[in-house]
Amino acid sequence: MQKSRPLSSILASEQVPAHLARAVIEEKLRNAILDGRLPSGMALRQQELATLFGVSRMPVREALRQLEAQSLLEVVPHKGALVAALIGEDAVDTYALRLLLETEALRQSIPLLEPEDIALARHYIELLEKQNSHAEIGRLNRLFHMALYAKATNKKLLHFIEVELNEEERFLRFHLSSMGLGKLTQDDHRALADAASDKAVDAAIGVLERHLNKASETIKNYLNRRSDV
Ligand code: NI
């Protein structure tokens with residue numbers, strides 16, 4: 001249904017000064033992709049956007065290139081720039097796997113954590129508090145979690161976790177923009193650091209379960225809603 005809506009009904013045009021055109025167009029498209037107004041698979045055409053914003057194709061092409069670099073667009077031969085899928089059907093599986101791997105990492109790591117490790121984790125929580133850039137939030141979230149797993153004795157386990165956390169950086173963009181999960185997530189992060197500091201392994205695992213299940217539920221709801229459209 002949404003796919004048939006013309007671009008002009010989704011993105012209000014405005015007279016953009018030429019020197020700001022790329023930045024303004026990039027920002028408008030990014031927001032519309034992240035909040036779902038531009039659905040995945042939708043083709044964005046340079047000429048259509050240039051007409052809408054009353055600019056030449058050059059700033060449009062540049063804006064699309066930036067969004068492609070942020071993996072928000074996918075350039076497909078003969079089809080052009082398509083809005084990328086932010087969440088694949090495998091996202092729920094990713095969270096289930098994270099839960100298995102990360103609870104084990106906590107179990108191994110917590111007894112061996114030093115006060116410096118906890119301090120580092122808390123430092124990332126504080127940095128997250130001040131951060132607005134989605135990419136940076138994704139990175140700090142990964143570093144926070146890894147700080148608490150750092151002393152896990154199975155290094156191969158840590159490697160697998162890092163791969164899954166990198167995956168999650170993609171989903172996070174989506175959460176943050178459409179769910180406003182930021183605050184809730186930080187409460188979990190604090191509870192997790194506290195439990196780790198107390199060497200309370202079971203409590204920490206409980207918090208982590210809640211933390212990851214929350215994200216997983218959000219994604220399930222989103223996927224269900226999407227298939228209803
Ligand atoms: Ni987190």
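**Notebook: the nickel site and the core**

I began with the nickel ion, whose donors (N, O and S atoms within 2.8 Å of the metal, or 3.2 Å for Na, K and Ca, with water not among the atoms, so sites may look incomplete) follow the spacing N-x3-H-x43-H-x21-H along the chain. His-145 lies in helix 7 (residues 134-149) and His-211 in helix 10 (residues 201-228), so the pair ties together parts that are 66 residues apart in sequence; helices here are DSSP runs of H or I with at least four residues, and strands are E runs of at least two, numbered from the N terminus.

I noted that this is a predicted model, in which local features need pLDDT of at least 70 and side-chain atom pairs count only at pLDDT 80 or more, while totals for chains, interfaces and linings use all residues. Residues are numbered from 1 along each chain as its sequence is written, and side-chain values use heavy atoms, with hydrogens and water left out.

I then looked up the coordinating atoms, which are Asn-141 (OD1), His-145 (NE2), His-189 (NE2) and His-211 (NE2), at 2.2 to 2.3 Å from the nickel ion. I found that both His-145 and His-211 are buried, meaning under 20% relative accessible area with a 1.4 Å probe and protein chains only.

Next I turned to the largest nonpolar core (buried Ala, Val, Leu, Ile, Met, Phe, Trp, Tyr and Cys residues joined through side-chain atoms within 4.5 Å), where Leu-38 and Leu-148 touch the most other members among 67 residues. Helix 10 gives the largest share of this core, nine residues.

Lastly, I recorded that the protein has ten helices and three strands.

Technical notes. Buried means under 20% relative accessible area, exposed over 50%, partly exposed in between (1.4 Å probe, protein chains only).
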